[in-house]
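I opened this entry to keep track of what I looked up, step by step, and to put each result in whole sentences. The structure comes next, and my notes follow it.

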Amino acid sequence: MSKTAGCCQNCLHYVFDYETTKTLVIPSTLVGCVFRLAQLLILLYTVGYVCVVQKAYQDTDSVISSVTTKVKGFSLTNTSDMGPRLWDVADYVIPPQGDKSFFVTTKMVVTQNQVQSRCPQLPSPSTTCVDDCDCTEGYSNPRGSGIQTGLCENYSTTVRTCEVFSWCPLEIDTMPPKYAMLTAAENFTVLIKNSITYPKFNFHRRNILPHINSSYLNSCEFNRATDPDCPIFRLKHIVSEAGEEFQDMAVMGGIIGIIIDWSCDLDWWAGKCYPKYSFHRLDNKDPDHTVAPGYNFRFAKYYKTPDGEETRTLIKAYGIRFDIIVFGTAGKFGIVPTIVNLGATLAFLSLIPAVSDWFLLTCMKKRDLYRKHKVTYLSDDAHTESMSLATSYGTQ
């Protein structure tokens, strides 16, 4: 029974004993240095990294953006199939209104006067035949040129291929031009109009800045050193800043990214918010992987003959697509993130005494003495269990 009572008494001590902080002053330069160094590291982290670098005292918002473009320029070509021709923006910019992108044609394969009729396919291992038994009526190969009629026809005096119902004559693109047709495209210019907003802060801005007027806009051209605020860019300079040669890229086409960075500090002491431009090639240019290089696509222009027959001109266009990518994050002083980070700093600082105590009671030579004076159990039967260190200092 006495054992049970003693156990219960010990449990009550653990539950109801009150612990209070005891100040123990230790004249140790080493422990003092550890304590102050830990405080200094916490303060440097808070001020230098959290506040200055990360700006964690700010509330943030992501940018919402809209972009429109307007390309200008002319090019004169003289080819065997089309003769002399002047190209303007309506001819080489496809489509006229792009969604944050625009495409400038630099080379093309043109198949004129196509009508829906029957014609033999271009020779290939899957289209050559000996007689009609080698062709299946109604069969459509996704990589072919149309729907087979079931007949084997003469493609030339030496080759026979399966006949198809398609737009004839068929496109021949096995030997595209080895040079760019619109070489003057490098001197075309594009006006980029970009409007952004940060809805959380009710902040609105355009890349056509307030100090830009009509006369300046009609004569300026973007230059990183002399005209960094001008929103008009020459295509050659865009490609050059992306690390490419325009004439080389114009042969097979490619994709260039125009990056507009609207990362802004909206605090009144931080200055103004301006766009920052950069340019990069986005499609893969790997000399070890040359399968399907560049960028091209097909489109058609449709016509009606006087007798009502529908015809079309098929164009396989090679060129450079310019993708405009807008991103950014804005920050502004906020009381909530400030309080959160201040609380985190105070929490870190409150851990330093625990670290110092661990160092004191583990690594110091007089750790047994420090441990003896660190914890004192005060009994009700005694007037005092131990004297404070300050009193002991006074009696010495």
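**Two helices, then the cysteines**

I began with a pair of helices in this predicted model: helix α7 (residues 335-363) packs with helix α8 (residues 367-374) at an angle of about 130 degrees, and their axes are 7 Å apart. That angle makes α7 oblique to α8. I then looked up the residues that make the contact, and found D357, L360, L361, T362 and C363 on α7, with R367, Y370, R371 and K374 on α8. Sorted by kind, the residues of this contact of α7 with α8 are 4 nonpolar, 1 polar and 4 charged.

Next I turned to the disulfides, of which the structure holds 5. Counting the bonded cysteines along the chain, I noted the pattern 1-6, 2-4, 3-5, 7-8, 9-10.

**C119 and C168**

I looked up the disulfide that joins C119 to C168, where the S to S distance is 2.0 Å. The torsion about its S-S bond is about -75 degrees, so I entered this disulfide of C119 and C168 as left-handed. The pair links distant parts of the chain, since C119 is in strand β6 (residues 101-120) and C168 in strand β8 (residues 160-168), 49 residues apart. I noted C119 as buried because its relative accessible area is 10%, under the 20% cut-off, and C168 is buried as well, at 7%.

**C135 and C162**

A disulfide also joins C135 to C162, with S to S 2.1 Å, and with -90 degrees about the S-S bond I recorded this link as left-handed. C135 lies in the loop between β6 and β7 (147-154) and C162 in strand β8, so the pair ties together parts that are 27 residues apart in sequence. I found C135 buried, with a relative accessible area of 7%, and C162 counts as buried at 2%.

**C220 and C230**

C220 and C230 form a disulfide with their sulfur atoms 2.0 Å apart, and here I wrote down a right-handed link, with 70 degrees about the S-S bond. Both C220 and C230 lie in the loop between α4 (214-219) and β11 (232-234), so the pair ties together parts 10 residues apart in sequence. C220 is buried at a relative accessible area of 9%, and C230 counts as buried at 0%.

**Two further cysteines**

I looked up C51, which is partly exposed, with a relative accessible area of 30%. C133 is in no disulfide, and the nearest cysteine sulfur, that of C135, is 9.2 Å away. At 72% relative accessibility, C133 counts as exposed.

Terms used
Residues numbered from 1 in each chain as written. Predicted model: local features only at pLDDT ≥ 70, side-chain atom pairs only at ≥ 80, totals over all residues. Heavy atoms only, no water. Axes fitted to C-alpha atoms, helices over the stretch in contact; angles between N-to-C directions. Helix = DSSP H or I, 4+ residues; strand = E, 2+ residues; numbered from the N terminus. Parallel < 35°, antiparallel > 145°, perpendicular 65-115°, else oblique. Contact = heavy atoms within 4.5 Å. Nonpolar A, V, L, I, M, F, W, Y, C, P; charged D, E, K, R; others polar. Disulfide = S-S within 2.5 Å. Buried < 20%, exposed > 50% of the residue type's maximum accessible area, 1.4 Å probe, protein only.
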